[in-house]
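Q: Could we walk through this one together, a bit at a time? I'll ask as I go.

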Amino acid sequence: MTEPTTDPLDLRSLESDAPTELDAGALFEGVAEQVAAEKGLAAWLRNRATPERLGIAIISVVAISLLVLLLTGRVDWPVYPLPRMGWMLGGLGLLYLLMVWIALLPAYKPTPQRVVIVGLAALGLALPFVQGLLPMAHDLHTMSLQGAGDDLLSKAVACFTFGSIVAIPLVVIVALLDRDRQGSGFRRLFTALCGGLAGILALQLHCPITQPIHLIWGHATVATGMVLMVGLFHAVRGVRRR
Amino acid sequence: MARYVADEEGALRALFDRYVSLLTRIMARGMATQAETGDLVQKTFLQLHRARHDFRAGAKLRPWLMTIAMNVKRQHLRSLSRRREDTLEPDGHTAPVSAPYDPEVTDKRRRVRVALATLSDSMREVIELYWLEGLSFPEVAQIMGVSLSAVKVRAHRGYAKLRAQLEETECNPLNERGIQESER
């Protein structure tokens, strides 16, 4: 493999006398101050090793899902096809893992290429819609048939609200685990998607309605809603800072 | 780094002393002020501190640190460019602030910096890491998270673009050897 042995562009000679000398003492004091300021719960969370941070994010979504299942689990469990439930939850769960991996990607890993970021974000936003568009899982429970007529809006708003309530704490947890608090745009996007997918996962365990139109308007929109909410939050914060 | 992870006293200072020049050089390129450069160097060390428990004993620290630095710099440049688009401020980030005055060198340096600034992020980074920092192609590939062949292609195209830019401004410190070196 070729090693750089010469500088035919003569760029290094131009660089060598470039004015890059800073006051190293003052610079180190600044670094030491910032390092010393890494205290408190938020600092403790983001200073964990990456496997631990991922573990916390995964345990959080599992804990919230179990809580939803135990407290407000869906009433049509006995008639819901188990394989369908398995791959609905599995798909959302795998997507959550992927999103959280990107959201918490350590700074010593190269930033993924734009095409990868766009592709994964599109997948995160689209999969819930694709799941919602599938034929009804069953029509064997009276509550499963609701939400497609006059009550479309009210049921959809109720589920969107429920999903968002679950999603917001997850967004906060993942944001606290992120080491780059001033985060780049793609980290914020995937943090929002983590929350949104957690909300949809919770809805899958809670809501007995199987009508595709309800799943699209009330469930799948939670991820999109979270992305918009997080985007709006950062936009407002940015304007205030200026 | 292992000493730092073990919270040994003085380890942060030792790490800082060892890498501050390298980081300052990397960050200074394309920055308008030394304060800006200093901020980015500090941010890099802070990110290193936060990631210290991920470091595996025996691993090489330099590629690790350089990847952090390139990510921090890229993010900063993008936010600057967004801010400029929002406020329609003129671009003030292509020339160094306080170069010692030597008309010929200063002018040559300015032209090269302007030409570098016209390259895409990925091409400019390859040229900075390979030619200016003297890293090998495999190291550059590791830092940028792309294949070896992609790095070589970017180096080749980057040189070609730089040469074209400099020919346009009638200052051409490049020659065919540069292209040939990057092609190997």
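Q: What pattern does chain B follow along the sequence?
A: Read from start to end, chain B runs α-α-α-α-α-α-α-α-α, and its secondary structure amounts to 9 helices and 0 strands, where helices (H or I, at least four residues) and strands (E, at least two) are DSSP runs numbered from the N terminus. This is a predicted model, in which local features need pLDDT of at least 70 and side-chain atom pairs count only at pLDDT 80 or more, while totals for chains, interfaces and linings use all residues. Residues are numbered from 1 along each chain as its sequence is written, chains are lettered from A and ligands numbered from 1 in the order in which they are written, and side-chain values use heavy atoms, with hydrogens and water left out.

Q: And how much of chain B is buried?
A: Of the 184 residues in chain B, 49% are buried, meaning under 20% relative accessible area, with exposed being over 50% and partly exposed in between (1.4 Å probe, protein chains only).

Q: Which residues have the most contacts inside the largest nonpolar core?
A: They are Met1(B), Phe45(B), Leu48(B), Leu61(B), Trp64(B), Leu129(B) and Val140(B), in a core of 48 residues; such a core is a set of buried Ala, Val, Leu, Ile, Met, Phe, Trp, Tyr and Cys residues joined through side-chain atoms within 4.5 Å. At least two residues of this core come from each of several helices, including α2 (24-36) of chain A and α2 (11-28) of chain B, and α2(B) gives the largest share, 10 residues.

Q: What does Trp64(B) touch, then?
A: Leaving aside neighbours within four places in sequence, Trp64(B) is in contact with Tyr108(A), Met1(B), Leu48(B), Ala51(B), Asp54(B) and Phe55(B), contact being heavy atoms within 4.5 Å. Apart from that core lies another, of 38 residues, among them Val61(A), Leu95(A), Ala121(A) and Ala223(A).

Q: Switching topic: is His49(B) buried or exposed?
A: His49(B), in helix α3 (residues 34-50) of chain B, counts as buried because its relative accessibility is 7%. Not counting residues up to four places away in sequence, His49(B) touches Val35(A), Glu38(A), Asn47(A) and Tyr4(B).

Q: OK, helix packing. At what angle do α5 and α8 of chain A pack?
A: Helix α5 (residues 82-103) and helix α8 (residues 185-206) of chain A pack at about 160 degrees with their axes 8 Å apart, the axes being lines fitted to C-alpha atoms, for helices over the stretch in contact, and angles running from 0 to 180 degrees between N-to-C directions. That makes α5(A) roughly antiparallel to α8(A), a label for angles over 145 degrees, whereas those under 35 count as roughly parallel, 65 to 115 as roughly perpendicular and the rest as oblique.

Q: Which classes of residue make up that contact?
A: The contact of α5(A) with α8(A) has 19 nonpolar, 3 polar and 1 charged residues, where Ala, Val, Leu, Ile, Met, Phe, Trp, Tyr, Cys and Pro count as nonpolar, Asp, Glu, Lys and Arg as charged, and the others, Gly among them, as polar.

Q: What about His206(A), where is that?
A: His206(A) is in helix α8 of chain A and, at 22% relative accessibility, counts as partly exposed. His206(A) and Leu70(A) lie 136 residues apart in sequence and 9.5 Å apart in space, C-alpha to C-alpha.
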